[in-house]
Amino acid sequence: MSPIISVSNLSKTYGSGFKALKGINLDIVKGEIFALLGPNGAGKTTLISIICGIANPSEGRVSIGGHDIIADYRAARSMIGLVPQELHTDAFETVWATVSFSRGLFGKPKNPDHIEKVLKDLSLWDKKDNKIITLSGGMKRRVMIAKALSHEPQILFLDEPTAGVDVELRKGMWEVVRTLQASGVTIILTTHYIEEAEEMADRIGVINKGEIILIEDKATLMQKLGKKELTLQLQNKLDAIPAALAAYNLELSDDGHAVTYDYDTKGDRTGITSLLNDLRNAGVRISDLDTRQSSLEDIFVSLVRAP
Ligand SMILES: Nc1ncnc2c1ncn2[C@@H]1O[C@H](COP(=O)(O)OP(=O)(O)O)[C@@H](O)[C@H]1O
Ligand SMILES: [Mg+2]
């Protein structure tokens, strides 16, 4: 299936000479929730701004549903809803008026049924006649999402939807995002919260210093996370893993002086006790052992620290 968004070789150098994006390649699949995870200043907002046509790329191309964002700007932009990082709403308008007005900005004919559906999906229907200034912070954020959905985009960008938001509101936001995905919207969100990427995303991309350093299905990433690695230093060099130990899928180090064993910390049993027994029975003597576990946090920290 062809991607709904295709970013190729995208770079951005700001007027100051600062290179905020360096050769980004990224495909977004229709219907997925993609989390772009990265520390502050990594380039998340810059990337989103270019995809949404708010900033110009210095190099590279972006196409949305096959429409080039520069050559075919209007068609590309109409497929996208954007909830920016900085929230600003017209305080004295009603919810209904501000959301309806946003739709008009895209030149779409009025469609009260659609606005009603959006407000209901976001649990804002009973607030439709309230002035925005009277709403709580969480509701204001939902109004911003409603505005972004007013013109029936197929793709929704949420730039740091829960930054500075308390835990309860964050969970509410996650619910909203899932509801939107179920209604067929493709969602790209940025976050600097690892937990949020873990919780929400089908796929996670890690960005640091203007480069995407990892893109992986969350399920694959999580499998790696549940895994621990046991390394056994051997007293004597092994040329090959003894056949009696084949079931453990051990990996022999290049120098033949260590074997590593992967096990699942979430499983019922690790298999370590029987491994040690079977090693002894096979005449393999151990001089030392060591375990390590990689979490998304570890992976993230080591990736963003790498020079
Ligand atoms: N208009 C601008 N002019 C110059 N530098 C900018 C501008 N906007 C952002 N930057 C710089 O580009 C880098 C990436 O910023 P941004 O995309 O906002 O990161 P993020 O959203 O991941 O926090 C930062 O170092 C930021 O200071
Ligand atoms: Mg940002």
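**Close-up views of the metal site and pockets**

**View 1. Coordination of the magnesium ion (ligand 2) by Thr45 (OG1) and Gln85 (OE1), at 2.0 to 2.3 Å.** The model shown in each view is predicted. The two coordinating residues bring together distant parts of the chain, being 40 residues apart. Threonine 45 belongs to helix α1 (residues 44–51), whereas glutamine 85 sits in the loop between β6 (80–83) and α3. Threonine 45 has a relative accessible area of 32% and is therefore partly exposed. Glutamine 85, with a relative accessible area of 31%, is likewise partly exposed, because that class lies between the limits of 20% and 50%.

**View 2. The largest pocket, which holds about 300 Å³ of space.** Two elements, α3 (95–105) and α5 (137–149), each give two or more residues to the lining of this pocket. The greatest contribution comes from α3, with four residues. The lining comprises 15 residues, and those nearest the centre of the pocket are Arg77, Leu82, Ser102, Phe106 and Lys147. By residue class, the lining consists of eight nonpolar, four polar and three charged residues.

**View 3. The second largest pocket, with about 160 Å³ of space.** Its lining is formed by His114, Lys117, Val118, Asp121, Leu149, Glu152, Pro153, Leu180, Ser183 and Val185. Helix α4 (residues 112–121) gives the most to this lining, with four residues. Five of the lining residues are nonpolar, two are polar and three are charged.

Key. Residues are numbered from 1 along each chain as its sequence is written. Chains are lettered from A and ligands numbered from 1 in the order in which they are written. This is a predicted model: local features need pLDDT of at least 70, side-chain atom pairs count only at pLDDT 80 or more; totals for chains, interfaces and linings use all residues. Side-chain values use heavy atoms; hydrogens and water are left out. On a 1 Å grid over the protein atoms alone, a cavity is a set of points where a 1.4 Å probe fits but cannot get out, and a pocket is an open set with protein on both sides within 12 Å along at least five of seven lines; lining residues have an atom within 4 Å of a point. Grid points are joined across faces, edges and corners, and a volume is the space filled by probe spheres set on the points. Ala, Val, Leu, Ile, Met, Phe, Trp, Tyr, Cys and Pro count as nonpolar, Asp, Glu, Lys and Arg as charged, and the others, Gly among them, as polar. Donors are N, O and S atoms within 2.8 Å of the metal (3.2 Å for Na, K and Ca); water is not among the atoms, so sites may look incomplete. Buried means under 20% relative accessible area, exposed over 50%, partly exposed in between (1.4 Å probe, protein chains only).
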